[in-house]
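Visitor: I have a structure to go through with you. Could we begin with the term that the salt-bridge assignments rest on?

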Amino acid sequence: LFELLERFGIPAVWINNKLEHDAVHPDDVRVGELAAERFLELGHRRLGMFSIVGGGHYSQPDRWLGFSRVARAAGVEPISIELPGGPGLPYRTAPARDDRVDQLVARLRSDGVPTAIFAYAIGEGVALMTARARLGIECPRDAAVIVVADEPMPVLLPLPISTVVLTKQELGQTDVEEQLDRIDRPETPR
C-alpha cells in the first residue's frame, strides 16, 4: 500500500503508526512516564506494567521504556507482567472467560502483587481488575491501576481505575493538518 500511494502521488498520513515520515502517533514513551510518575507521587514503590504481547505494535515497548525509565530513576525496579497472545483482551466481553485472566492470577501470585500496575490498554485493565478481585485485592484501597484509553475509564466502565487519555480528536486534528500540508507540498516528507 505504501508503494502504491507513493507511485501515484496520493497524499497519505498514517495514524498511530511510528514511521519516519507522514505519520502521527501519541508519545507513548511519555504515556509510560506519566503512569510511573503518578504512582510514585502516590507513594508506591512496587510498580508493574501489564500487557498482552504478540501484536507487535510500537506502543507497548515505548510505554515500557517510559515507565521503566522513570521508575528506575526513582530507585525502583519495575516488574514487567507480560502474557502471550496476539490481540489484546477485549474489554466488552466477560474477561472471566478468558484463560489469560487465570494466567495473570497465577503470575501475580508467583511474582508478588505490585501495589501499582500500569495496564497497556482497556482490555488489560479489565483483566487486571478481574484478577485482583480473585486475589481479594481491592482498588483503590489496596492497590492502584492506571490504564491507557480514549476516554476516562469511569465513562467506559464503572471501575476505580485512573486513565491516561489518548484523545482521538487531537490525533485526528493533527492528521488533518498533516494531510493538508502534504497536499500543499507533496514532495516534502514529514
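Guide: Certainly. A salt bridge is counted here where a side-chain nitrogen of Lys or Arg lies within 4 Å of a carboxyl oxygen of Asp or Glu. Please note that this is a predicted model.

Visitor: What is the N to O distance for D102 and R134?

Guide: The side chains of D102 and R134 form a salt bridge with an N to O distance of 2.4 Å. The two residues come from distant parts of the chain: D102 belongs to helix α4 (residues 99-111) and R134 to helix α5 (residues 122-134), 32 residues apart.

Visitor: How accessible is D102, and how accessible is R134?

Guide: D102 has 43% relative accessibility and therefore counts as partly exposed. R134 has a relative accessible area of 37%, so R134 is partly exposed as well.

Visitor: How many salt bridges does the count come to?

Guide: The count comes to seven salt bridges. One of them joins E33 and R69, whose closest N and O atoms are 2.8 Å apart. That pair also links distant parts of the chain, with E33 in helix α2, R69 in helix α3 and their positions 36 residues apart.

Visitor: Is E33 buried or exposed?

Guide: E33 counts as buried because its relative accessibility is 15%, and the limit for that class is under 20%. Its partner R69, at 42%, counts as partly exposed.

Visitor: Which residues share partners in a salt-bridge network?

Guide: R30, E33, E37 and R69 are joined into one network by salt bridges that share partners.

Visitor: And R38 with E41, how far apart are the closest N and O atoms?

Guide: They are 3.5 Å apart in the salt bridge between R38 and E41. Both residues are in helix α2, and because they are three residues apart, about one helical turn separates them. R38 is partly exposed at 39%, while E41 counts as exposed at 59%.

Visitor: Changing topic: at what angle do α2 and α3 pack?

Guide: Helix α2 (residues 28-41) and helix α3 (residues 59-73) pack at about 35 degrees, and their axes are 6 Å apart. The crossing of α2 past α3 is right-handed.

Visitor: Which residues make that contact?

Guide: From α2, the contributors are D28, V29, V31, G32, E33, A35, A36, E37, F39 and L40. From α3, they are S59, D62, R63, L65, G66, F67, R69, V70 and A71. By residue class, the contact of α2 with α3 has 10 nonpolar, three polar and six charged members.

Visitor: L65 is on that list. What is its accessibility?

Guide: L65 lies in helix α3 and is partly exposed, with a relative accessible area of 41%. The C-alpha atoms of L65 and E33 are separated by 8.2 Å, although the two residues are 32 apart along the chain.

Visitor: What span should α3 have?

Guide: The 15 residues of α3 should span 21 Å at 1.5 Å a residue, and its end C-alpha atoms are 21 Å apart, so the two values agree. Just after α3, G75 has a positive phi of about 80 degrees.

Visitor: Which residues of α3 are buried, and what do they pack against?

Guide: S59, Q60, D62, R63, W64, G66, F67, S68, V70 and A71 are buried in α3. The buried residues of α3 pack against α2 and against strands β3 (47-53), β4 (79-84), β5 (116-119) and β6 (144-149).

Visitor: Take S51 next. Which residues does it touch?

Guide: Leaving aside residues up to four places away in sequence, S51 touches Q60, I81, E82, L83, Y120 and E124. S51 lies in strand β3 and counts as buried because its relative accessibility is 1%.

Visitor: Back to α5. How many of its residues are buried?

Guide: Helix α5 is mostly covered, with 11 of its 13 residues buried. Among them are I122, M129 and R132, together with E124.

Visitor: What distance does α5 reach, and what follows α5?

Guide: From its first C-alpha to its last, α5 reaches 19 Å, close to the 18 Å expected at 1.5 Å a residue. G136 follows α5 and has a positive phi, near 80 degrees.

Key. Residues are numbered from 1 along each chain as its sequence is written. This is a predicted model: local features need pLDDT of at least 70, side-chain atom pairs count only at pLDDT 80 or more; totals for chains, interfaces and linings use all residues. Side-chain values use heavy atoms; hydrogens and water are left out. Axes are lines fitted to C-alpha atoms, for helices over the stretch in contact, and angles run from 0 to 180 degrees between N-to-C directions. Helices (H or I, at least four residues) and strands (E, at least two) are DSSP runs, numbered from the N terminus. A crossing is left-handed if the near helix is turned anticlockwise from the far one by less than a right angle, and right-handed if clockwise. Contact means heavy atoms within 4.5 Å. Ala, Val, Leu, Ile, Met, Phe, Trp, Tyr, Cys and Pro count as nonpolar, Asp, Glu, Lys and Arg as charged, and the others, Gly among them, as polar. Buried means under 20% relative accessible area, exposed over 50%, partly exposed in between (1.4 Å probe, protein chains only). The expected span of a helix is 1.5 Å times one less than its number of residues.
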